[in-house]
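Here is a short briefing for a reader meeting this structure for the first time. Take a look at the sequence and the model before reading on.

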Amino acid sequence: MRASDLSITDEKWRAIVENDKSYDGVFLYAVKTTKIFCRPSCKSRPPKRENIRLFTSAEQALAEHFRPCKRCKPTGQRLPDHDWIAGVAEYVDSNYMKDLTLHVLAEISHGSPYHLHRTFKRIMHVTPMEYIQRTRLKQAKKLLICSHQSVAEVGENVGLSNIPYFITLFKKNTGYTPLQYRQLESKATQKGGTQHGTSNE
Ligand SMILES: [Zn+2]
C-alpha cells in the first residue's frame, strides 16, 4: 500500500499541529492507535507523530479500515471553500444583469475582495470578473438567437448597458458583432446546420 502512504514532512506535521485549514483537501491524516482519520484543520488533540499515516483521499483511508472523525467529517464531499465559491457562482448565474463588481460579490459572500478573487480563481480557473463576463456573453448569445430584442436591449438585459462596450466585448470573444452573430445563427438554423459558435464559450 505504498501508493497511499505520503511521507510526513515537517510542513505537513506543522499543518496538523496548527490545524491549518489551507491544507484541507491536500491530505488527510489517520491515527494508527485510534483508527480514526481527520482533516488537517481538525481541532482534535494532535496525535504522536509516529502514529500518523497520511492519505490523499477519504476512500484510501476507509479502504484501510480507518473511520472518519465525527468532529471534522473528512468524508464530506465538498470543502468549505468549494461551497463558498459555488454560492458566489450561483449568485452570478442568477444576477448577471445587475451591476456586479468584485466588491459587491465580496460583500454578499462575506469575504474580502482579495481573498474572494484568489479563492475563486483557484477553484474556478477564472477570476470572478471573467466569470461574470462569460456568463453575460453566454446569456447575450441566447437572447440574440432566441429573441427579437435589439442589440441595445440584449446588452441591457445581460448587465452590459454600455452598448459600445458590449459590442466590443462580444466581438473580442466571438469574432463577430452581436448583429453579425445573430445573422449567422439565423442562417445556420435555416439551413438546419449546426449552430455556429455556441460551443465556443
Ligand atoms: Zn477530526
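How many bridges join E1 to E3? There are 4 bridges between E1 and E3, and these strands run antiparallel. The model is predicted. The points below cover its sheet first, then three helix pairs.

**The sheet**

- The sheet is open and has 4 strands, in the order E3-E1-E2-E4, with mixed pairing.
- Strand E3 (52–55) and strand E4 (67–68) stand at the edges. Each has a single partner strand, so one side of each is left without a neighbour in the sheet.
- In the pairing of E1 with E3, Ala-30 stands opposite Arg-53 of E3.
- Strand E1 (residues 28–31) also pairs with strand E2 (residues 36–38), in the antiparallel sense and over 3 bridges.
- Val-31 faces Ile-36 in E2 as its opposite residue, and Tyr-29 stands opposite Cys-38 in E2.
- E1 and E2 form a hairpin with 4 residues between them. In the turn, Lys-35 has a positive phi of about 60°.
- In general, strands of a sheet pair through backbone hydrogen bonds, either parallel or antiparallel.

**Helix H3 with helix H5**

- Two packed helices are described by the angle between their axes and the distance between the axes.
- H3 and helix H5 (residues 113–124) pack at an angle of about 95°, and their axes are 10 Å apart. H3 is therefore roughly perpendicular to H5, as angles of 65 to 115 degrees count as such.
- From H3, the residues Asp-81, His-82, Ile-85, Val-88 and Ala-89 meet H5. Their counterparts in H5 are Leu-116, Thr-119, Phe-120, Ile-123 and Met-124.
- By class, this contact of H3 with H5 has 7 nonpolar, 2 polar and 1 charged residues.
- What span should the 12 residues of H5 have at 1.5 Å a residue? They should span 16 Å, because the expected span is 1.5 Å times one less than the number of residues. The end C-alpha atoms of H5 are 16 Å apart, which agrees.
- Just after H5, His-125 takes a positive phi of about 65°.

**Helix H3 with helix H6**

- Helix H3 (residues 80–95) also meets helix H6 (residues 128–146). Their axes come within 9 Å and cross at roughly 35°.
- The crossing of H3 and H6 is right-handed.
- H3 brings Val-88, Ala-89, Val-92 and Asp-93 to the contact. H6 brings Pro-128, Tyr-131, Ile-132 and Thr-135.
- The residues of this contact divide into 6 nonpolar, 1 polar and 1 charged.
- Val-88 and Ala-89 of H3 appear in the contact with H6 and in the contact with H5.

**Helix H6 with helix H9**

- Is the crossing of H6 past H9 right-handed or left-handed? H6 passes H9 in a right-handed crossing.
- H6 and helix H9 (residues 178–191) pack at an angle of about 55°, with their axes 9 Å apart. H6 and H9 are therefore oblique to each other.
- Ala-140, Lys-141, Leu-144 and Ile-145 of H6 meet Pro-178, Tyr-181, Arg-182 and Glu-185 of H9.
- This contact of H6 with H9 has 5 nonpolar, no polar and 3 charged residues.

Technical notes. Residues numbered from 1 in each chain as written. Predicted model: local features only at pLDDT ≥ 70, side-chain atom pairs only at ≥ 80, totals over all residues. Axes fitted to C-alpha atoms, helices over the stretch in contact; angles between N-to-C directions. Helix = DSSP H or I, 4+ residues; strand = E, 2+ residues; numbered from the N terminus. Left-handed = near helix turned anticlockwise from the far one by under 90°. Contact = placed C-beta atoms within 7 Å. Nonpolar A, V, L, I, M, F, W, Y, C, P; charged D, E, K, R; others polar. Parallel < 35°, antiparallel > 145°, perpendicular 65-115°, else oblique. Pairing = 2+ DSSP bridges.
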